[in-house]
Amino acid sequence: MTYILKPQLHHPKLAENSLGFTRRDYEGSVSTLCAGCGHDSISSAIIQAAFELDLPPHRIAKLSGIGCSSKTPDYFLGASHGFNTVHGRMPSVLTGANLANRELLYLGVSGDGDSASIGFGQFAHSIRRGVNMTYIVENNGVYGLTKGQFSATSDKGSKAKKGAVNTDEAIDLIGIALQLGATYVGRSFSGDKEQLVPLIKGAMRHDGPAFIDCISPCVAFNNHEGSTKSYDFVRDHNEAMNRLDVITGRSPITAAYAPGEVREVQQHDGSILRLRKLHAEYDPTDRVGAMHHLHERKAAGEIVTGLLYIEPDPQDLHANLDTVALPLNRLDDAALVPGAKALDKLNASLR
Ligand SMILES: Cc1ncc(C[n+]2csc(CCOP(=O)(O)OP(=O)(O)O)c2C)c(N)n1
Ligand code: SF4
Ligand SMILES: [Mg+2]
C-alpha cells in the first residue's frame, strides 16, 4: 500500500523552522498501520520533535528491526538515512553505524518483541556500551505484526483478546535500561503527545544512550478489557512524575502545565531541560532512587511516566574507546596508513 502518494495540497502558509523547512518536510510516506494504532502517534511526535529542533533531515539516521513498530520509519523523516534491519538486530547495526560516523543523530525505533524478546541481548549491550542514540520502543505488549501473541513486556495476569491469561513475568525495559547505565531514561504514552514530544526532543539533544519506553496500544490485538496496554488502562493508571520542556537557543518556553516546583538541568550541548515536578520528592538525577521508585509504584499498580532519569554530562562509547572524531570514510591515507614506525610502536604496546 506504500504506493499511495501523499496529497500535495497543504495550507499555503505552513510554519517554517529556522532551516526554512515545514513540518511536512519531516514526514514520510502514508502509514499502512491500522487506523488508531498508537505507533502512528509516535511517528507524528518524532516528526514534530525533529521539526521543532531544526534538525537537518540529512543529518539523521533512523534504524529499526522488524514489526509494525519497526515499519514506522517509513512514515517519518523521509529525507533522512534509513536502515530497516533484521528482527532484533537494530542495536548492533546502529552501534556499527555510529562507530563509523558519529556526526549523525541516531534514532533507533523498535518494538517490545523486537527489543525485549529476540533482540533483548542486543538492546542490553547497546545500552551498557553507552551508544549515543535515541532508542524508542513502541511498546504494545504484543507481537502486533504476527497477530497478537503476548510479548515479553506483557504484564503477568494480562488477558489476550481471546481470553488467555499471561502467566509469565514482564520485562520492564525501563528498569533494565536504568540498571545498565542509560543516561537518559523516560517513559511515555502515545496518547499523550504533550508529554512525548519534549521527551523525544530531550533525548535527541542528549549525548549518550537515551532510552524511551513508549506505551503504544495495538488496537487490533491488545486494546480490550483485561489488557494492561490498552488506551483505557494506561489513561487510568498513568502516573506522570514530571512535565518537561526542552529549551534550545531559539525555542520558546511552551509548557502550559499546572504549577509545581521547577527544576532545570543543563545538558552537555547547552540545551536546558526544564522539569516541572509533579511529585515533589522525585529526583530524576538519582539513578538508584529512580529504580526504587519504579518498583514501588509498579507494586502499587501505577505506570510511572515522564523523564525518570538524566545524567547531564554523560560519556558515550566513543569517549570510552577513544576513537577518532572524523567519520571513517573521511580519513585520508596518512591517517589510514601511518607507516612502519607507528605500527612497530603499536605492536610494542600490545606485547
Ligand atoms: C528472525 C525472525 N523471527 C521471527 C519473525 C516474525 N516476526 C515478525 S515481527 C515479530 C514481532 C513483532 O513484535 P514487536 O516488535 O512487538 O512489534 P509490533 O508489531 O508489536 O509493533 C515477529 C515475531 C521474524 N520476522 N524474524
Ligand atoms: S496490528 Fe496492532 S501494532 Fe500492528 S498496525 Fe495494527 S494496531 Fe498497530
Ligand atoms: Mg509489540
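These are my notebook entries on a predicted model, covering its nonpolar cores, a metal site, a ligand shell, a run of strands and a few single residues.

**Entry 1, the cores**

I began with the largest nonpolar core, which holds 34 residues, and looked up which of them touch the most other members; these are I46, Y184, I200 and M204. I then asked which elements supply this core, and found that α1 (38–52), β3 (105–111), α7 (193–204), β8 (209–215), β10 (242–247), β12 (272–277) and β13 (303–310) each give at least two residues. The largest share comes from α1, with seven residues.

I followed I46 further and listed its contacts, leaving aside neighbours within four places in sequence: F76, L77, L107, V109, I136, I200 and M204. Two of the names in that list, I200 and M204, I had already written down with I46 among the residues that touch the most other core members. Apart from this core lies another, of 28 residues, and I noted Y106, V131, L178 and Y282 among them.

**Entry 2, the magnesium ion**

Which residues coordinate the magnesium ion (ligand 3)? I found D112 through OD, N140 through OD1 and V142 through its O atom, at 2.1 to 2.2 Å. Written along the sequence, the spacing of these donor residues is D-x27-N-x1-V. D112 lies in helix α4 (residues 112–116) and V142 in strand β5 (residues 142–143), so this pair ties together parts that are 30 residues apart in sequence. I also checked burial for these two, and both D112 and V142 are buried.

**Entry 3, the shell of ligand 2**

I listed the residues around ligand 2 as L33, C34, C37, H39, C68, N140, G144, C218, V219, A220 and F221. By class, the shell divides into eight nonpolar residues and three polar ones, with no charged residue. N140 belongs to this list, and N140 is also a donor to the magnesium ion (ligand 3).

**Entry 4, strand β12 and its partners**

I looked next at how the side chains of β12 are arranged, and they alternate: L273, L275 and K277 point to one face and are buried, while I272, R274 and R276 point to the other face and are not buried. This agrees with the general rule that side chains in a regular strand alternate between the two faces of the sheet.

For partners, I found that β10 and β12 pair in the antiparallel sense over six bridges, and that I247 has I272 of β12 as its bridge partner. Strand β11 (residues 262–266) also pairs with β12 in the antiparallel sense, here over five bridges, and V262 stands opposite R276. β11 and β12 form a hairpin with five residues between them, and in the turn G270 has a positive phi of about 95°.

I took R263 as a sample residue of β11. With a relative accessible area of 27%, R263 is partly exposed. Outside its neighbours within four places in sequence, R263 is in contact with L273, R274 and L275, and also with D283, P284 and T285. The C-alpha atoms of R263 and P284 are separated by 9.8 Å, although these residues are 21 residues apart along the chain.

**Entry 5, two positive phi angles outside glycine**

L77 has a positive phi of about 50° although it is not a glycine, and K147 has one of about 85°, again without being a glycine. L77 lies in the loop between α2 (68–71) and β2 (81–84), whereas K147 has its place in the loop between β5 and β6 (149–150).

Are these two residues buried or exposed? L77 has 0% relative accessibility and therefore counts as buried, the limit being under 20%. K147 has 62% and therefore counts as exposed, for which the limit is over 50%.

The contacts of L77, leaving aside neighbours within four places, are Y26, E27, G28, I46, A50, I60, K62 and L107. I also noted that L77 and S43 are 34 residues apart in sequence and 9.1 Å apart from C-alpha to C-alpha.

**Entry 6, S69**

My last look-up was S69, which lies in helix α2 and counts as buried at 6% relative accessibility. Beyond its neighbours within four places in sequence, S69 is in contact with H39, V109, S110, G111 and E138. From S69 to S151 I noted a C-alpha to C-alpha distance of 13 Å, with their positions 82 residues apart in sequence.

Terms used
Residues numbered from 1 in each chain as written. Chains lettered and ligands numbered in written order. Predicted model: local features only at pLDDT ≥ 70, side-chain atom pairs only at ≥ 80, totals over all residues. Heavy atoms only, no water. Core = buried A, V, L, I, M, F, W, Y, C linked by side-chain atoms within 4.5 Å. Buried < 20%, exposed > 50% of the residue type's maximum accessible area, 1.4 Å probe, protein only. Helix = DSSP H or I, 4+ residues; strand = E, 2+ residues; numbered from the N terminus. Contact = heavy atoms within 4.5 Å. Donors = N, O, S within 2.8 Å, 3.2 Å for Na, K, Ca; no water. Pairing = 2+ DSSP bridges. Near = heavy atom within 4 Å. Nonpolar A, V, L, I, M, F, W, Y, C, P; charged D, E, K, R; others polar.
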